[in-house]
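Me: I'm new to this structure and would like to learn how to read it. Could you walk me through it step by step?

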Amino acid sequence: MSYVIEGSTGPWEIVVGLEVHAQVISNSKLFSGASTLFGGEPNTHVSLIDAGFPGMLPVINRGCVAQAVRTGLGLKARINLESRFDRKNYFYADLPQGYQISQFAHPIIGEGKIEIELSDGSTREIGITRLHLEQDAGKLMHDQDPKRSFVDLNRAGVALMEIVSEPDIRTPEEAGAYLRKLRQILRYLGTCDGNMDEGSMRADVNVSVRKAGEPFRTRCEIKNVNSIRFVTQAIEIEAARQVEIWESGGEVDQETRLFDPGRGETRSLRSKEDAHDYRYFPDPDLLPLVIEQSWVDQLKACLPELPDEKRARLQKEYGITAYDAGVLVAEQAIADFYETVAKGRDGKSAAAWMTGDFFAALNRTGKSIEESPVGADKLGAMLDLIADGTINGKIAKEVLETMFETGEAPLEIVERKGLRQVTDTGAIEKAADEVLTKNADKLEQYLGGKDKLFGFFVGQVMKATQGKANPAMVNEILKKKIHG
Amino acid sequence: MLTDLTIAQAAEGLRRRDFSAAELTKAHTGAIGQLNERLNAYITVTADKAEAAAAQADKALAAGDAPTLTGIPLGIKDLFCTEGVKTTAASRILGNFVPPYESTVTANLLKNGAVFLGKTNLDEFAMGSANLTSAFGEVENPWHRTGDASVLVPGGSSGGSAAAVAAHIAMGATGTDTGGSIRQPAAYCGIVGLKPTYGRCSRWGTIAFASSLDQAGPMTRTVEDAAIMLQAMAGHDPKDSTSADLAVPDYRAATTRSLKGLRVGIPAEYRPEGMSAELLAVWQKGIDMLRDAGCEIVDVSLPHTKYGLATYYIIAPAECSSNLARYDGVRFGVRAEGAASLDDLYEKTRHDGFGEEVRRRILVGTYVLSAGYYDAYYLKAQKVRTLIRRDFTSAFEKVDVLLTPTAPTAAFGRDEKPEDPVQMYLNDIFTVPASMAGQPAMSVPVALDSRGLPLGLQLIGRHFDEETLIAAGAALEKAAAFSARPDLRAGAAA
């Protein structure tokens with residue numbers, strides 16, 4: 001899907017690369033034993049190492065390294081068996097050591113890729129340049145006191161994965177799809193919870209514009225955008241700003257900008273001239289990080305099935321459409337739920353019920369799949385009742401609704417409400433006779449060629465049986481009665 | 001006098017109940033009371049704590065089975081964080097800093113029963129070779145030239161430790177060595193100083209100067225005492241990623257090891273032009289002594305030695321510029337008053353808090369790591385460092401240990417300090433290469449010069465082979481029979 005900005009000098013395309021900071025799921029920080037729990041009282045999850053006390057030394061947390069490797073494997077990326085930690089030096093009150101330990105020259109993960117799906121059903125591959133491990137900084141609080149700022153170091157030293165994409169993204173939609181897909185993979189792997197509102201996943205967005213076929217023009221980096229919607233908005237707004245500058249004969253300056261969603265604009269944070277000189281150099285407190293191929297293989301063997309593979313398998317195994325499979329693998333929990341329901345049953349019907357009435361009911365009640373009052377076993381039991389003819393599809397909708405309200409088992413509801421499907425030929429024939437007699441005029445019209453009226457008769461018979469008649473039988477009996 | 005005993009002698013005397021740990025400590029705290037005002041070897045004296053620790057030591061000794069250093073009073077360089085005891089790094093910026101933790105090395109010594117007398121003076125953040133940069137005043141060398149009362153420097157940076165041990169106001173002391181900070185002051189003060197292999201002693205809880213070079217070690221009056229202290233200080237520490245996971249051998253046993261067949265290398269490059277005849281003679285004396293002890297003397301070459309100093313003064317400041325960034329007045333230490341902004345707070349705090357030499361090295365380090373200069377300075381220096389390391393590796397294919405002078409001169413006068421900082425850096429010319437390569441090295445006092453000042457010789461060993469250093473050092477010590485003592489010392493003070 002192409003996205004162009006129609007300027008006064010013709011169309012412009014946009015070029016976007018994303019740097020995502022994903023907080024690693026781990027019990028303790030990257031280089032200290034302090035807890036990584038979110039939401040503690042300020043400065044309660046801080047070790048002397050995190051606070052940068054004299055003589056304190058970092059020791060790498062192997063659990064965080066495993067998470068980075070697992071993420072690399074999930075991104076089908078090159079795993080670097082030897083990587084290195086560097087110091088990124090700058091002064092700020094949320095940075096206790098006066099430097100961030102990061103991986104600059106030798107990241108743990110090299111080139112990989114992500115396949116994204118777009119709304120028109122097409123797919124694109126976005127390259128991953130690298131993934132590296134680094135420490136998060138603390139948090140400044142400016143709203144606690146009229147004159148002073150406070151520092152909370154709970155987050156200082158927590159492990160982050162910085163995941164850098166190639167400048168392969170060409171539309172705001174692709175940027176959104178990339179972030180969603182990345183988040184999905186991270187969640188499947190259990191390496192990052194992907195909660196952008198809690199800041200455990202944040203994106204820096206690099207945007208430039210160019211005429212078709214041109215080399216890249218100067219880019220701007222929009223820092224710390226904290227929702228997917230804001231990322232797409234920021235790209236649109238920033239690209240439009242750059243087009244305007246170029247077309248008015250100006251030059252886009254390479255700079256770091258902030259996105260202000262309230263005002264719908266990006267603002268300059270610092271120019272290239274003011275850019276920090278981070279004075280990267282290898283951290284002499286840490287040895288090169290050397291990992292064994294056998295360990296990587298072990299981690300690989302224990303990886304969960306990832307969304308792409310799962311989608312392909314669900315399509316094949318359960319005969320469902322690519323679209324339905326895509327919806328069902330959006331979250332691991334949904335896919336697991338689906339597979340529990342579909343196992344040993346009609347996969348297509350299971351998919352239709354889940355993506356239809358079941359999700360609608362979840363949406364209506366504002367519940368996640370984990371909180372669903374209807375478990376996979378009960379939904380499955382309901383499908384069984386349809387399959388064995390105890391209820392028909394129409395009644396099943398009502399049963400499902402009641403299941404959401406009361407949490408009862410489907411069969412209980414059917415019995416309590418007397419919803420069993422009528423398969424008694426005599427009862428249906430009686431109802432059919434009544435309907436045909438009562439609507440003799442319509443019968444005449446039907447026989448005169450108004451075929452559509454057949455549905456009317458079916459509807460009337462269903463109504464007469466309070467919807468409980470077996471629709472196939474109603475069809476058959478009506479046909480026999482009318483055509484003899 | 002109790003203060004004249006070596007650690008080995010005192011440990012024996014304590015076990016024989018010739019005297020108590022309380023008496024031994026009291027003798028030292030008393031001497032500190034008499035001498036420290038002049039020497040300024042200690043920044044902080046912890047006499048009460050020491051006496052309490054000595055009382056504990058007496059109980060342990062009475063119960064039997066007390067570890068080797070039980071009741072032995074030591075000085076601790078004020079670069080080791082000591083729990084509940086002010087730790088300053090001789091800097092204003094840490095003038096009020098009381099760590100809530102104990103460094104691994106000092107914790108190891110405490111576990112071994114040692115009694116801490118106090119925190120010894122040093123060059124600010126261990127940056128200096130003459131103990132002239134401490135925020136808490138200069139240290140005086142207890143030695144004086146014959147018939148000349150001028151005040152001499154003790155060397156640095158572990159000058160307080162060296163002066164305290166030489167003046168018998170500590171039986172031994174911890175030092176740290178980044179480019180010579182144990183060995184050079186040991187030579188200037190006529191004592192033994194051992195810098196172990198990089199990684200032998202944990203750096204955890206020791207205030208960092210240059211992380212890839214810093215190494216703790218003992219400063220004592222005999223080689224045997226150095227072996228005893230190192231035994232307690234060394235060992236793997238999972239809290240320091242650069243600490244070596246190797247067993248610590250029996251160092252004391254090495255003091256009596258035979259030197260028959262030991263190959264001693266004499267590097268040609270440690271004989272720079274203008275070297276004093278006196279120093280050359282002492283070096284030759286050392287060579288002869290080792291030959292007499294059964295060693296084979298071999299000429300070797302360490303061709304990149306001449307780049308050592310220049311390389312060191314890129315890498316050490318680079319690391320220091322980053323290591324000292326944490327002293328910002330935000331979380332601990334001294335904070336400047338009246339700052340108008342965060343940047344202003346940093347500038348004021350760091351300008352007021354750091355002395356001139358520290359500021360100079362931070363600036364040099366910041367410069368060599370800057371974009372556009374990194375490749376020409378830092379990266380180049382790292383490459384040269386690899387060549388220096390290779391020099392040692394190939395030399396140690398031919399020999400087991402190297403013998404060189406420790407410093408180009410004997411202690412110089414406080415008034416004779418060079419105005420040019422680069423001249424001052426030349427003091428480290430013989431000690432820096434071993435630091436750059438991580439080799440263990442030791443200075444042993446061998447003779448007095450014509451003006452009555454001690455001169456030391458340096459032994460450099462293979463990685464993690466401190467035992468050979470100790471064996472050769474003990475042989476040198478025995479042959480040299482260096483028994484001179486400084487005029488300023490416990491019981492002999494003028």
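Reply: Gladly! Let's begin with a term: two strands count as paired if DSSP finds at least two bridges between them. Keep in mind that this is a predicted model. As a case, a hairpin of two residues links β1(A) to β2(A).

Me: How many bridges join β1(A) to β2(A), and do they run parallel or antiparallel?

Reply: The general idea is that strands of a sheet pair through backbone hydrogen bonds, either parallel or antiparallel. Here β1 (residues 4–7) and β2 (residues 10–23) of chain A run antiparallel, joined by four bridges. To see one position on the model, find E6(A), which stands opposite P11(A) in β2(A).

Me: What is the order of the strands in the open sheet of three?

Reply: Reading across, the order is β5-β4-β15 in chain A, and the pairing is antiparallel. The edges are β5 (99–102) and β15 (281–282) of chain A, each of which pairs on one side only. Strand β4 (residues 86–89) of chain A pairs with β15(A) over two bridges. There, D86(A) has P282(A) as its bridge partner.

Me: Now helices, please. Which residues of α10(A) are buried?

Reply: A general point helps: an α-helix has 3.6 residues a turn, so residues three or four places apart point the same way. Now the case. Helix α10 of chain A runs over residues 393–406, and its 14 residues reach 20 Å from the first C-alpha to the last, close to the 20 Å expected. Its buried residues are I395(A), A396(A), V399(A), L400(A) and M403(A). They lie on the same side of α10(A), because they cover an arc of only 145° around the axis.

Me: What covers the buried residues of α10(A)?

Reply: The cover includes α8 (347–365), α9 (376–387) and α11 (410–417) of chain A. Look also just after α10(A), where G407(A) takes a positive phi of about 75°.

Me: Let's step back. How is chain A divided into domains?

Reply: There is domain 1 (4–298), then domain 2 (305–417), then domain 3 (425–483). The centres of domain 1 and domain 2 of chain A, taken over C-alpha atoms, are 37 Å apart. Their contact takes seven residues from domain 1 and seven residues from domain 2. On the domain 1 side, β6 (112–117) and α2 (172–189) of chain A each give two or more residues. The largest share of that side, four residues, comes from α2(A).

Me: And why is chain A described as more spread out than a compact globule?

Reply: One compares the radius of gyration with what the globule rule gives. Chain A, with 15 helices and 16 strands, has a radius of gyration of 30 Å, well over the 23 Å that the rule gives for 484 residues, so chain A is more spread out than a compact globule. Its C-alpha atoms fill a box of roughly 95 × 55 × 50 Å along the principal axes.

Me: What radius of gyration does chain B have?

Reply: Chain B has 21 Å, which agrees with the value near 23 Å for a compact globule of 494 residues. The box for the C-alpha atoms of chain B is roughly 65 × 55 × 50 Å, and this chain holds 16 helices and eleven strands.

Me: How much of each chain is buried?

Reply: In chain A, 39% of the 484 residues count as buried. In chain B, buried residues make up 60% of the 494.

How values were computed:
Residues numbered from 1 in each chain as written. Chains lettered and ligands numbered in written order. Predicted model: local features only at pLDDT ≥ 70, side-chain atom pairs only at ≥ 80, totals over all residues. Rg over C-alpha atoms; globule rule 2.2 N^0.38 Å. Buried ≥ 20, exposed ≤ 12 C-beta atoms within 10 Å, placed from the backbone. Expected span 1.5 Å × (residues − 1). Arc of directions from axis to C-beta. Contact = placed C-beta atoms within 7 Å. Domains from an automatic or database assignment.
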